[in-house]
Amino acid sequence: MKIRILKADDVARLLPMRDCIEVMEQALAKFARREAVQPVRLTLHAPSDAGILALMPAQLTDIGLGYKAVSVFGGNTERGLPTHLATIALHDPQTGAPIALMDGTRITEVRTAAVSAVATRHLSRTDAHVLAIIGTGVQARAHARAIACVRELTEVRICGRRREAAETLAAELRDELDATVIVFDDAAGTLDGADIIVTVTASPTPVFDAAAVGSGAHINAVGSASPSARELPAATVASARLFVDDRAAALVEAGDILMAIGDGMIDEGHIAGTLGEVIIGQVPGRTDDDQITIFGSLGLGLEDVAAAAHVYAAALADGSGTIIEL
């Protein structure tokens with residue numbers, strides 16, 4: 001039995017952001033049409049709450065079968081390692097035989113931001129041009145690059161816990177984007193007049209006040225994937241038209257939603273639909289220019305498998321990777 005091994009460099013070359021955005025839109029549309037199957041992720045907590053290991057299997061009709069194994073260890077920052085480390089395995093959908101194993105950390109980075117770009121394409125105002133990012137890590141970088149693919153940004157604002165990290169990120173983005181990049185010290189200033197807001201933090205508590213969000217803004221809430229952590233105030237969630245990637249997962253894992261329910265601010269019916277349902281026209285997205293919209297991103301196994309299948313097809317075409325005999 002032969003398997004193709006694809007390293008991080010292979011994945012980075014074979015999965016450019018613009019391609020990934022289109023792959024994610026197609027995958028989410030398939031999910032909405034019930035052409036993709038996935039359970040809610042299985043999560044194992046490491047001893048002493050050092051981190052988690054999660055398994056995310058999925059199958060998409062005519063695309064692929066596989067799973068991602070991902071660990072999230074917050075202490076890795078001090079070790080000089082990414083907090084998220086992952087591998088993705090693809091299997092032959094006819095025989096179940098493994099056909100590829102590849103770096104999943106790069107795929108997670110790109111596809112997470114690509115999904116937010118899809119949400120921004122469908123839910124933000126078409127004239128949105130000011131992007132505010134709260135957070136300075138890998139996903140902050142990826143989101144700036146991804147959202148610039150779907151909206152003509154004139155200004156990008158960065159805010160984080162450490163000014164030095166925010167300045168470093170801003171310097172990188174100034175070299176890449178055709179937009180003014182500004183560092184802010186507080187969330188209120190960052191969000192004042194922002195059309196698109198991205199939260200990509202590890203904060204367990206809201207990172208801005210509800211009053212800071214202006215009418216017509218679109219929010220991609222990305223950092224919280226735990227029922228006990230939230231980046232958004234309950235009042236913001238309650239005042240917005242809310243979309244998720246998967247209802248079942250959101251009602252188990254999304255702290256932004258579950259804690260707003262627990263506060264009595266919303267109920268399950270507040271979820272207007274999934275992003276896939278918006279893509280296929282089954283559910284309307286933004287209904288007026290003054291409306292606040294939220295996309296609550298948890299990350300789905302089907303997104304990883306779709307991205308990995310794209311990488312695998314490209315690798316077959318150009319001979320990338322190393323073939324090993326199991």
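**View 1. Ten residues line the largest cavity: Gln 38, Pro 39, Val 40, Arg 41, Met 56, Ala 249, Glu 253, Gly 299, Leu 300 and Gly 301.** The model shown here is predicted. The volume of this largest cavity is about 70 Å³. Five of its lining residues are nonpolar, three are polar and two are charged. The structure has three cavities of 30 Å³ or more.

**View 2. The second largest cavity encloses about 60 Å³ of space.** Its lining consists of Ala 221, Ser 224, Val 244, Ala 250, Ala 254, Gly 255, Asp 256, Ile 257, Gly 296, Ser 297 and Leu 298. Helix 10, residues 255-262, gives the largest share of this lining, with three residues. By class, six lining residues are nonpolar, four are polar and one is charged.

**View 3. The second largest pocket has a volume of about 220 Å³.** Phe 31, Ala 32, Arg 34 and Ala 36 are among the residues that line this pocket. Asp 245, Asp 246 and Arg 247 also belong to the lining. So do Thr 274, Glu 277 and Gln 282. Five of the lining residues are charged, three are nonpolar and two are polar.

**View 4. Arg 34 sits in the loop between helix 2 (17-32) and strand 2 (36-37).** Its phi is positive, at about 65°, although Arg 34 is not a glycine. Is Arg 34 buried or exposed? Arg 34 is exposed, because its relative accessible area is 77% and the cut-off for exposed is over 50%. Arg 34 also helps to line the second largest pocket.

**View 5. Asp 62 lies in the loop that runs between strand 4 (52-60) and strand 5 (64-72).** Asp 62 is not a glycine, yet it has a positive phi of about 65°. Asp 62 counts as exposed because its relative accessibility is 76%.

**View 6. Met 1, Ile 324 and Leu 326 form a nonpolar patch on the surface.** The patch covers about 290 Å². Where is Leu 326 found? Leu 326 is in the segment after strand 16 (322-325). Leu 326 counts as exposed, because its relative accessibility is 56% and exposed means over 50%.

Terms used: Residues are numbered from 1 along each chain as its sequence is written. This is a predicted model: local features need pLDDT of at least 70, side-chain atom pairs count only at pLDDT 80 or more; totals for chains, interfaces and linings use all residues. Side-chain values use heavy atoms; hydrogens and water are left out. Patches are made of residues with over 30% relative accessible area and no salt bridge: like charges are joined within 9 Å, nonpolar side chains (Val, Leu, Ile, Met, Phe, Trp, Tyr) within 5 Å. Accessible areas come from the Shrake-Rupley method with a 1.4 Å probe; for residues, only the protein chains shown count as cover. A salt bridge is a side-chain nitrogen of Lys or Arg within 4 Å of a carboxyl oxygen of Asp or Glu. Helices (H or I, at least four residues) and strands (E, at least two) are DSSP runs, numbered from the N terminus. Buried means under 20% relative accessible area, exposed over 50%, partly exposed in between (1.4 Å probe, protein chains only). On a 1 Å grid over the protein atoms alone, a cavity is a set of points where a 1.4 Å probe fits but cannot get out, and a pocket is an open set with protein on both sides within 12 Å along at least five of seven lines; lining residues have an atom within 4 Å of a point. Grid points are joined across faces, edges and corners, and a volume is the space filled by probe spheres set on the points. Ala, Val, Leu, Ile, Met, Phe, Trp, Tyr, Cys and Pro count as nonpolar, Asp, Glu, Lys and Arg as charged, and the others, Gly among them, as polar.
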